Amino acid sequence: MRAPVEAGALRINSERLWGSLMEMAKIGATPKGGVKRLTLTDLDRQSRDLFVSWCKAAGLSVTVDGVGNIFARRRGRNEAAPPVVSGSHLDTQPSGGRFDGCYGVMAALEVVRTLDDHGIETDAPFEIAMWTNEEGSRFLPVMGASGAFAGVHSVDEIREARDVDGVSFGDALDAIGYAGAAPVGGRPLAAYFEAHIEQGPLLENTGNTVGVVTGALGQRWFEVTVTGMDAHAGPTPMHLRRDALLGASFLIQEVNRLGKLTEHSRGTVGMIASRPNSRNVVPGETVFSVDFRDTDVSGLDRMEQGLRAAAGNIAAEHGLGIDMRQTVFFPPCEFDRTCVAAVRAGAERLGYPHMDIVSGAGHDAVYIARVAPAAMIFVPCEGGISHNEIENATPEDLAAGCNVLLQAVLARAG
Ligand code: HGY
Ligand code: MN
Ligand code: MN
């Protein structure tokens with residue numbers, strides 16, 4: 001029997017953590033060193049199969065729920081107690097990196113492997129969670145499956161979502177064989193912790209290794225459809241045109257202006273499709289996404305009202321139809337103070353420079369925080385760059401975040 005180790009002296013295995021990240025990053029690897037592993041594609045299936053094989057090799061019992069969320073459970077002394085859970089997502093952006101999401105899943109797996117190395121049994125069971133479709137890139141809504149677990153979305157709503165090719169979430173999930181039998185949500189969790197790269201520059205710029213995440217920005221997304229009239233680019237005089245793409249260009253400028261209203265507000269147009277998309281045809285229809293974020297709902301309201309007012313003026317001036325349909329909304333969230341304190345105590349005990357930080361990105365923890373005490377741990381990423389194939393992080397920082405996760409999990413799992 002190994003000599004018992006005081007909890008504070010426990011450390012994860014940094015090489016093993018890094019190795020699991022690099023192994024997973026091979027699935028969907030892109031020439032520029034990123035990862036393209038869109039949710040519910042065959043690459044997603046391969047990453048799930050690899051993750052499940054590692055969990056089974058670690059003796060965990062694996063269940064899958066009706067929207068493809070995977071839970072890998074490590075027994076606790078008290079099997080009747082609600083589990084402490086940690087995880088994140090394995091799906092990526094089309095031009096994603098090796099760490100966004102994957103780090104949180106591999107960090108939770110490394111916690112299991114470290115507990116096993118030392119023969120440590122926890123009071124409460126511990127579960128690794130892998131949430132389907134966090135990115136919201138192929139299917140709306142973003143964080144859809146953790147949202148379903150939290151009861152924010154129905155399973156039907158999630159399964160009926162369609163991608164740009166008209167493929168439904170449900171059909172894609174069935175096709176990769178991860179439509180599980182377990183009910184979606186409806187069971188108590190003792191606590192939820194998610195480790196994630198910051199995806200912004202604050203930690204790196206301030207020389208902090210750990211971000212104690214106290215909450216996250218609220219988000220409101222729209223799909224805007226501008227309708228004009230297809231026309232010939234030659235004979236049609238300029239003043240007679242109803243140019244949808246031109247109208248959209250004014251609105252895109254307005255989204256950017258509104259996003260600069262306050263220090264914490266954000267406004268982004270990331271996706272656009274213009275039809276018929278032919279060089280010598282005045283575009284008759286343009287559809288684009290709007291992503292507004294702010295620390296409070298009144299800021300989101302102000303940006304929405306500003307854009308609707310601009311749309312009214314542009315529609316009148318250019319003879320266009322403009323429709324704005326909300327596709328995502330969640331208010332700013334504050335994480336559970338006890339869980340946040342457990343993260344901060346872990347960083348302090350391990351002597352890592354740390355700071356409190358609000359997440360600019362949405363994460364599955366934002367929805368899980370609605371049904372369980374939750375908190376997050378951030379580590380720096382190089383240049384604050386993410387949602388980009390050059391996304392990078394150091395083994396030392398990733399190990400530090402995982403060590404803090406281990407401490408926080410032990411504090412809550414007993
Ligand atoms: O968009 C976000 O905040 C996250 O990457 N889903
Ligand atoms: Mn993420
Ligand atoms: Mn992301």
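Is Asp100 buried or exposed? Let's start there, everyone, and thanks for coming. Asp100 is buried, with a relative accessible area of 7%. Please keep in mind throughout that this is a predicted model.

Asp100 is a good way into the metal site. Asp100 bridges two manganese ions, ligand 2 and ligand 3, which lie 3.5 Å apart. I'll take the ions one at a time.

For the manganese ion called ligand 2, the donors are His89 through NE2, Asp100 through OD and His196 through NE2. Those donors sit at 2.1 to 2.3 Å from the metal. Along the chain, they follow the spacing H-x10-D-x95-H. Here Asp100 and His196 link distant parts of the chain: Asp100 is in the loop between β3 and α3, His196 is in strand β5, residues 191-197, and the two are 96 residues apart. His196 counts as buried too, at 0% relative accessibility.

Now the other manganese ion, ligand 3. What coordinates the manganese ion (ligand 3)? Asp100 gives an OD atom, Glu135 appears twice with OE, and His387 contributes NE2, at 2.1 to 2.5 Å. The spacing of these donors along the chain reads D-x34-E-x251-H. Asp100 belongs to the loop between β3 (84-89) and α3 (102-117), and Glu135 to the loop between β4 (126-131) and α4 (144-149), so this pair ties together parts that are 35 residues apart in sequence. Glu135 counts as buried, at 6% relative accessibility.

His387 deserves a moment of its own. You'll find His387 in the loop between β16 (374-379) and α12 (395-413). With a relative accessible area of 40%, His387 is partly exposed; the cut-offs here are under 20% for buried and over 50% for exposed. Its backbone is worth a look as well: phi of His387 is near 55 degrees, a positive value in a residue other than glycine.

That brings us to ligand 1. Which residues are around ligand 1? They are Glu134, Glu135, Val142, Gln219, Arg293, Ala361, Gly362 and His387. Sorted by class, that shell has 2 nonpolar, 3 polar and 3 charged residues. If you'd like to follow the polar contacts on the screen, begin with Glu134, where an N or O atom of the side chain is 2.9 Å from a nitrogen atom of ligand 1. Next, a polar side-chain atom of Arg293 lies 2.7 Å from an oxygen atom of ligand 1. Then comes His387 again, with an N or O atom of its side chain 3.2 Å from an oxygen atom of ligand 1. On its own, ligand 1 has 210 Å² of accessible area, and the protein covers 95% of that.

Let's go back to the loop between β4 and α4 for some backbone details. Asn133 is found in that loop, and phi of Asn133 is near 50 degrees, again a positive value in a residue other than glycine. Asn133 counts as buried at 2% relative accessibility. Pro141 is in the loop between β4 and α4 too, and a cis peptide bond joins Leu140 and Pro141, with omega at about -10 degrees.

Where else should you look for a cis peptide bond? The bond from Arg275 to Pro276 is cis, with omega near 5 degrees. Pro276 lies in the loop between β10 (272-275) and β11 (281-282).

My last stop is Thr286, in strand β12, residues 285-294. Thr286 is buried, with a relative accessible area of 0%. What does the side chain of Thr286 reach? The answer is the backbone nitrogen of Leu245, at 3.3 Å. Leaving aside neighbours within four places in sequence, Thr286 is in contact with residues including Val224, Thr225, Val226, Ala244, Ala248 and Ile272. Ala273 and Ser274 are also among its contacts.

To wrap up, if you remember one residue, make it Asp100, which bridges the two manganese ions and is buried. If you have room for a second, I'd pick His387, which donates NE2 to ligand 3 and makes a polar contact with ligand 1 at 3.2 Å. Thanks for listening, and I'm happy to go back to any of these views.

Conventions. Residues numbered from 1 in each chain as written. Chains lettered and ligands numbered in written order. Predicted model: local features only at pLDDT ≥ 70, side-chain atom pairs only at ≥ 80, totals over all residues. Heavy atoms only, no water. Near = heavy atom within 4 Å. Polar contact = N/O pair within 3.5 Å; in protein donor to acceptor, adjacent residues only side chain to side chain. Areas by Shrake-Rupley, 256 points an atom, 1.4 Å probe, with all protein chains shown as cover. Nonpolar A, V, L, I, M, F, W, Y, C, P; charged D, E, K, R; others polar. Donors = N, O, S within 2.8 Å, 3.2 Å for Na, K, Ca; no water. Helix = DSSP H or I, 4+ residues; strand = E, 2+ residues; numbered from the N terminus. Buried < 20%, exposed > 50% of the residue type's maximum accessible area, 1.4 Å probe, protein only. Contact = heavy atoms within 4.5 Å.
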